[in-house]
Amino acid sequence: MAAPRARLRHYLQFKDFTRAEYEYLFARTRWIKARFKRYKRYWPLVDRTLAMIFEKPSTRTRLSFEAGMHQLGGAAIYLSTRDSQLGRGEAVEDAAQVISRMCDLVMIRTFEQETVERFAAHSRVPVINGLTNEYHPCQILADIYTFLEHRGPIRGKTVAWIGDSNNVCNTWLQAAEVLDFKVNVSTPPGYEVEPERAGVAGTHFEQFADPREAARARTSSPPTSGPRWGSSRRTPSAGARSKTGRWMRSSCAPRARTRSSCTACRRTAARKSPPR
């Protein structure tokens, strides 16, 4: 009698996994990384192929997924909208059926969350959200693993998010509910958190008008995180980016430790620094 097939799982939002599943994933990551650092071959993905579909290009996303597949013994195929029928009007549902017949895993980096969900609904293989306007689960997965490596468990800690409530912010809020930590959020006027859009109940975050207060309220010096201005929840105009940048420069907490190191502050400091 044939064994029953495992239920098909996708990774479209951070809350798609439980805390127990993340604990296993982080432990497994630690084991694989330790082998890689000792130059011990571990190829569980031999003869497996990842299709990477990019409607929004990204150097880091492509390199991280492609290098990861090669290091684990698999192969990766890069598809832009110019390389597939998706860019020429083919229905997402049709593309999902065709692409998933020819590979073992799909990663999509696109605009609308609905596109990823429609693709996953008609795919025969697991689908990973590489980024959408609404969520960025792989980014926060990597951020939290980095925190665990350097600071230990994140449960019960407080993270400060300073900037507009974009896809990364939404994912931090989901992560807080799944892994039981808190997020202090400070956004410019007009860019506040929308719990329904973020897909959260609102039990693990607090909003602050003053970003300095959001950063001061952190516990045990966890990270302060913030966006790159071109990565906001809506396509930002030059005026919107300028407004957010001015708000950030005027409000940044002194010596705040940021994941993206506040692009606006870096550029301001560079302009003020004397030439060497």
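**Exercises: strands and helices in a predicted model**

The open sheet has 4 strands in the order β2-β1-β3-β4, and their pairing is parallel. Keep in mind that this is a predicted model. Let's work through it.

**Exercise 1. Work out which strands stand at the edges of the sheet.**

*Solution.* Begin with the strand order, β2-β1-β3-β4. Next, look for strands with a single partner: these are β2 (75-80) and β4 (127-131), so each has one side without a neighbour in the sheet. To finish the picture, add the twist, which averages 20 degrees from one strand to the next.

**Exercise 2. Trace the pairing of β1 with β2, and find the handedness of the crossover between them.**

*Solution.* First, β1 and β2 run in the parallel sense and share 6 bridges. For a landmark, take Leu50, whose bridge partner in β2 is Ala76. Then follow the chain: from β1 it passes through helix α2 (residues 59-71) to reach β2, and this β-α-β crossover is right-handed.

**Exercise 3. Find how many bridges join β1 to β3, and name the partner of Ala51.**

*Solution.* Strand β1 covers residues 49-54 and strand β3 covers residues 105-109; they pair in the parallel sense over 5 bridges. Within β3, Val106 is the bridge partner of Ala51.

**Exercise 4. Classify the angle between α3 and α4, then describe their contact.**

*Solution.* Start with the axes: those of helix α3 (residues 92-101) and helix α4 (residues 113-121) come within 8 Å and cross at roughly 50 degrees. Because of that angle, α3 is oblique to α4. The crossing is right-handed. Now the side facing α4: Val92, Glu93, Ala95, Ala96 and Ile99 of α3 meet Thr115, Arg118 and Phe119 of α4. Sorted by type, the residues of this contact are 5 nonpolar, 1 polar and 2 charged.

**Exercise 5. Do the same for α1 and α5: give the angle, the handedness and the residues in contact.**

*Solution.* Helix α1 (residues 19-37) and helix α5 (residues 137-151) have axes that come within 11 Å and cross at roughly 70 degrees. Angles of 65 to 115 degrees count as roughly perpendicular, and α1 and α5 are therefore roughly perpendicular to each other. Their crossing is right-handed. From α1, the contact uses Tyr22, Leu25, Phe26, Thr29, Arg30 and Lys33; from α5, Leu141, Ile144, Tyr145, Leu148 and Glu149. By type, the residues of the contact of α1 with α5 come to 7 nonpolar, 1 polar and 3 charged.

Technical notes
Residues numbered from 1 in each chain as written. Predicted model: local features only at pLDDT ≥ 70, side-chain atom pairs only at ≥ 80, totals over all residues. Heavy atoms only, no water. Axes fitted to C-alpha atoms, helices over the stretch in contact; angles between N-to-C directions. Helix = DSSP H or I, 4+ residues; strand = E, 2+ residues; numbered from the N terminus. Parallel < 35°, antiparallel > 145°, perpendicular 65-115°, else oblique. Left-handed = near helix turned anticlockwise from the far one by under 90°. Contact = heavy atoms within 4.5 Å. Nonpolar A, V, L, I, M, F, W, Y, C, P; charged D, E, K, R; others polar. Pairing = 2+ DSSP bridges. Right-handed = clockwise from strand over helix to strand, strands pointing away.
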